[in-house]
Amino acid sequence: MTDNIPQTMKAAVVKDFKKGYEVRDVKVPSDLGPNDIIVKIGAAGYCHTDLQVMEGVYESDGAKPGLIGSHEPCGTVVKIGSEVEKSNIHVGDRVGSINTYGFCGICNACKKQGQQLCENMVGMLGLTINGGFSEYMKADARVVSKIPASIPFVEAAPLFCAGATVYGALLASGVKKGDWLAIVGIGGLGHLGVQYAKMMGAKVVAIDNRKEGIETVNSVPSHLKPDKTFIVDSDSEQDVIQELQSSFYDSNPGVDRVVINAEARGLIKFSQQFLRKGGTLVDVGLPSDQVLELDPFALSFKEQTVKGRLICTPEQCQKMINLHAEHACKTHIEKTYPVDQINEMFEHYKRKDLRGRLCMVF
C-alpha cells in the first residue's frame with residue numbers, strides 16, 4: 001500500500017485568520033519519526049475549535065496561516081514508523097486520532113493526568129500542526145484508536161474530538177449508574193454525550209436553547225434517548241430551574257451531575273441552580289473571548305464542584321469507540337463536503353439550526 005502514496009495531495013488550509021480557507025496542492029508528509037503513521041483520510045469533522053482556529057484564538061499557541069485544519073480525522077493506515085511495527089497498529093487498519101501529537105511520556109502530566117496534557121507535546125492536530133482536511137495526514141500511532149468496521153468513517157470522525165471530549169467530561173463528572181445527569185448544549189458533543197451517559201446507566205436530562213438540538217437527540221436509538229428534555233429561552237429559564245431544582249429526590253433534590261457543552265458565559269451559573277448539594281459540574285464549552293459566570297453562593301453553600309476537562313486519554317478514547325459500536329450509538333451527520341467546498345462547510349457550521357456534525361470526506 002505504501003507504494004501507492006503520491007507525493008502531493010489536496011488540502012484545505014487557513015488562508016488567513018478570519019478570511020476563510022483555500023485549497024492547495026501540498027506535499028504528502030514523508031518525514032516519519034519512529035512512532036508516526038501516515039493515514040489516508042476517509043473523513044474529517046468540523047468542530048467549534050476549527051472555528052476558533054480560524055478566528056485566531058490559537059495564534060499565540062502556534063496556529064498560523066497555511067495550517068491544515070481538523071482535529072477529528074480518521075482513515076486507513078498506509079505507512080508506519082519503525083517503532084510502530086512493534087505495536088498493535090498495522091498498515092490497513094482503520095484508525096482515528098485525538099489531537100495529541102508527540103507526547104513525551106515522562107512529565108508529571110503524562111504520568112498523572114494523561115498524554116493529552118503533556119508538558120512537552122510537539123503539537124496538536126489542526127490547532128498548531130497540520131490536521132485532517134487533506135488526503136493524507138501524519139499522526140502519532142501511540143494515541144490513535146482502532147475503529148470497528150460497524151462505524152463508517154463519516155460517523156467515526158467526530159468521535160475523536162466531540163466524542164472523546166464529552167466522554168472525558170462524563171468520566172470527570174463521576175457519573176454512576178442511576179445518577180441524574182443534566183447535559184446542557186445538545187450539538188455535536190451533546191447528542192453523543194446523552195447516548196454515552198445512557199449506556200453508562202445514568203438518567204439524563206437534555207437541555208438546549210434550540211429545538212434542533214432536542215429533535216436531534218430524540219432521533220437516536222430508543223434505548224439511548226434522554227429521560228427528560230427542555231428547550232430553554234429567556235421566558236422559560238426560571239420555570240425550568242424551578243422544576244429541576246425540586247425534582248428527582250425527596251431530600252436534597254436536583255441533578256447529581258452536569259456536563260456543559262455550549263459556550264454561553266452564564267451556563268455554569270444557570271446549571272448550579274439545579275445541581276444538588278455536593279454535585280459536580282464539568283464544563284467543556286470553552287468560550288473563546290468570554291469569562292464564565294459562576295454562582296459563588298451555590299458553590300459554597302451547596303458545596304458544589306466545578307471542573308474542566310480537555311479530552312479523554314488515548315486509552316479512554318479506544319474504550320469509548322468500542323462502547324459506541326457495542327451499544328449502537330449514532331453520530332448525527334447533517335452534511336458531508338468534499339475538500340473543494342471547505343468554505344461552504346465553514347459557513348454552514350455557523351448556522352444556528354445546525355444539527356450534529358459536518359464532515360469533509362475523501
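## Helix 4, an open sheet and strand 17

In helix 4, the buried residues are Ala 162, Gly 163, Ala 164, Thr 165, Val 166, Tyr 167, Gly 168, Ala 169, Leu 170, Ala 172 and Ser 173. The structure described here is a predicted model. Helix 4 is thus mostly covered, with 11 of its 12 residues buried. Helix 4 runs over residues 162–173, and at 1.5 Å a residue its 12 residues should span 16 Å. The C-alpha atoms at its two ends are 16 Å apart, so the span in the model agrees with the expected value. Just after helix 4 comes Gly 174, which takes a positive phi of about 75°.

**The open sheet**

Elsewhere in the chain, 6 strands make up an open sheet. Their order is 12-11-10-13-14-15, and the pairing is parallel. Strand 12 (228–231) and strand 15 (305–308) are the edge strands, each pairing on one side only. On average, neighbouring strands of this sheet are turned by 15° against each other, with direction ignored.

At one edge, strand 12 pairs with strand 11 (residues 203–208) in the parallel sense, over 4 bridges. Ile 207 stands opposite Phe 230 in strand 12. Helix 7 (residues 237–244) packs on the sheet and touches both strand 11 and strand 12. The direction of helix 7 makes about 160° with that of strand 12.

**Strand 17 and its partners**

Which residues make up strand 17, and how many of them are buried? Strand 17 covers residues 357–361, and 4 of these 5 residues are buried, so the strand is largely enclosed by the rest of the structure.

Strands of a sheet pair through backbone hydrogen bonds, in either a parallel or an antiparallel sense. Strand 17 pairs in the antiparallel sense with strand 3 and in the parallel sense with strand 16. The table sets out these pairings beside that of strands 11 and 12.

| Strand pair | Sense | Bridges |
|---|---|---|
| Strand 3 (residues 36–46) and strand 17 | antiparallel | 4 bridges |
| Strand 16 (residues 333–337) and strand 17 | parallel | 4 bridges |
| Strand 11 (residues 203–208) and strand 12 | parallel | 4 bridges |

Two residues of strand 17 can be matched with residues on its partners. Cys 359 in strand 17 has Thr 336 opposite it, and Met 360 in strand 17 has Ala 44 opposite it. Between strand 16 and strand 17 the chain passes through helix 11 (residues 342–349), and this β-α-β crossover is right-handed.

Notes:
Residues numbered from 1 in each chain as written. Predicted model: local features only at pLDDT ≥ 70, side-chain atom pairs only at ≥ 80, totals over all residues. Heavy atoms only, no water. Pairing = 2+ DSSP bridges. Axes fitted to C-alpha atoms, helices over the stretch in contact; angles between N-to-C directions. Contact = heavy atoms within 4.5 Å. Buried < 20%, exposed > 50% of the residue type's maximum accessible area, 1.4 Å probe, protein only. Right-handed = clockwise from strand over helix to strand, strands pointing away. Expected span 1.5 Å × (residues − 1).
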